[in-house]
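This report looks at one strand, its partners and some salt bridges. Please have the sequence and the model open while reading.

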Amino acid sequence: MLRVKEFSDAEKAVNNQLLWVLCLLAVTVWLFVSGRLRMDVVALLVIVAFVLSGTLTLQEATIGFSDPNVILIAALFVIGEGLVRTGVAIQTGEWLIKIAGNSESKMIFWLMLTVAGLGAFMSSTGVVAIFIPVVLSVAAKIGSSPARLMMPLSVAALISGMMTLVATPPNLVVNSELQREGLEGFGFFAVTPIGLVVLVLGVGYMLVARYWLASAPVDSTSGNAPSRRRNFRDLIREYRLSGRARRLSIRAGSPLIGHRLDDLQLREKYGANVVGLERWRRFRRVMVAVTGETTFRAGDVLLIDMSAADIDLRQFCSEQLLEPLILRGDYFSDRARDVGMAEVLLIPDSELSGKSVREIGFRSRYGISVIGIRRRNSLVEGALTDEPLELGDTLLVIGDWRCIRQLQQQKRDLLLLALPAEIDDAVPAHSQAPHALFSLALMVALMITDAIPGPVAAIIACLLMGKFRCIDMESAYKAIHWPGLILIAGMMPFALALQKTGGVALVVQGLMDIAGGKGPHVMLLCLFVLCATIGLFISNTATAVLMAPIGIAAAHQMGVSPYPFTMIIAIAASAAFMTPVSSPVNTLVLGPGGYRFGDFVKIGVPFTLVVMVVSVLLVPLLFPF
């Protein structure tokens, strides 16, 4: 009798703990949905609650922070930033504009393929952020509504999560759960066949569904429509720079070779202001920041502002042994990724007031050159280097983007005004793009061959990007989405708590009662529906954390392989098409596309059903029961 009582007390304690875990889960979901607290803060509070309640030990509650896949996800953020900083992603966008032309159908086709391809190796959120201005530009160019292009963009970004193992955190979470159970994880391209089929269907679907969005307006009064920013063309026109740019190569034997820029006095003698320098380095031409200490070499290409209109260019090139080269675009507008342009304002009490550009040593002091001065809404003509600066003068400067950005911290004498639109396309490591692609290819190769663990392969790729100067340490740390990592690490204890208290067994029993006797295909269907439903309220990563152990337990209960069940959970987690809050990707396009909540329901629900049917049919073929 005593044993029965002890058993009942123990059972009661377990039931109380399960009730506590379920209540905590309900509160967590409510906080996610309401947005009253940041999701990473909620995740940290979950850890505290588990430890203080005694449900989990400190080691169990913080198990997520020691998970190798958290390190892998952080490394992938850094690699994605390296692709952005080297211009790989932006060049892909320009290529897209070139091949799509004025055809909306071609644009949707190539846009979705490109975004899915890039998103297979970098953050889908980052890819969408890069392509939003590209899509807006194309929409204006071809006279199409942004609403008809933004939705294909978000759909393709979500599908990219089905392209590779590292494409999205839910894939890594599911893979980690398999390994924690002592099972072998998925291969790098295990999900790719399903992703390719879904991508083909997605492209076809959006070519039809775009017409359902044709009337979706962009509300310019609500602030959703992007306001037009000034660009290089505006500045070139306002400061009358047309015709002043030259691109000249230094030939062998030139008297410029071996001399410092300040010693040559090119501005004083010829009115030639060197604002940039192209130099061969490691078999390719790169941009080099120009200062007064820069020493010229044979083969260097000078970007020159010819402020003196009466200079005889032919004589100048003959005397200095320079060869004119083709210059595409007006006043270096084709070099906007490397050469920056901006306006700065002389502020009150500036020590520069009353001094000329030459007296200040402006280029040596700030690393940039003054090419225009606006004073009381009029342009200052003549030799700008000898013109005394006055309070309120607006200076147009040109030079390395890094030097221009540094002016934002220098507020004692100058105030940097709004940067031109080209700043969005400026990449600080443009010349290192081949190295970034090599690092990415090496990481993929190491992961495919299983030569070393995935997190180590990703860390090697990060170190190589740092070695090749594709990214610096400061940018690397900023690139990591720390709230997302904390969310993953903080939600992982939920899976363990549900297992310890019998919550997983309870859910599995419920699934068995519904679908256990109807075969594994029906169970796949139920898991997809349950996962997609939970994903309406919380992030797809948190959904994968909760659902992965349930899928594995259900497979064990039915006596079948856990791989099809976990794979269907990974796919369902990526199929977050149905609401604008299902994924950050959807939230990003909400404003630029001028969408309403119902637009996502109208487009997302039918396509989610398509993905569900396709995955339920394909998964068992690729991962037999």
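Which residue stands opposite Leu-302 in S4? The residue is Leu-277. The model is predicted, so local features need pLDDT of at least 70 and side-chain atom pairs count only at pLDDT 80 or more, while totals for chains, interfaces and linings use all residues. Residues are numbered from 1 along each chain as its sequence is written, and side-chain values use heavy atoms, with hydrogens and water left out.

**Strand S4**

Strand S4 covers residues 301-306, and six of its six residues are buried (under 20% relative accessible area, with a 1.4 Å probe and protein chains only; exposed is over 50%, partly exposed in between). Strands (E, at least two residues) and helices (H or I, at least four) are DSSP runs, numbered from the N terminus. Val-301, Leu-303 and Asp-305 point one way from S4, and Leu-302, Ile-304 and Met-306 point the other way.

Two strands pair if DSSP finds at least two bridges between them. S4 pairs in the antiparallel sense with S1 (residues 245-250) over five bridges, and with S2 (residues 272-281) over six bridges. Arg-246 stands opposite Ile-304 in S4.

**Salt bridges**

A salt bridge is a side-chain nitrogen of Lys or Arg within 4 Å of a carboxyl oxygen of Asp or Glu. The count comes to 16 salt bridges, including these:

| Acid | Base | Closest N and O atoms |
|---|---|---|
| Asp-305 | Arg-244 | 2.9 Å |
| Asp-300 | Arg-279 | 2.7 Å |
| Asp-599 | Lys-602 | 3.8 Å |

Asp-300 lies in the loop between strand S3 (284-288) and S4 and Arg-279 in strand S2, so the pair ties together parts 21 residues apart in sequence. Asp-305 counts as buried because its relative accessibility is 1%.
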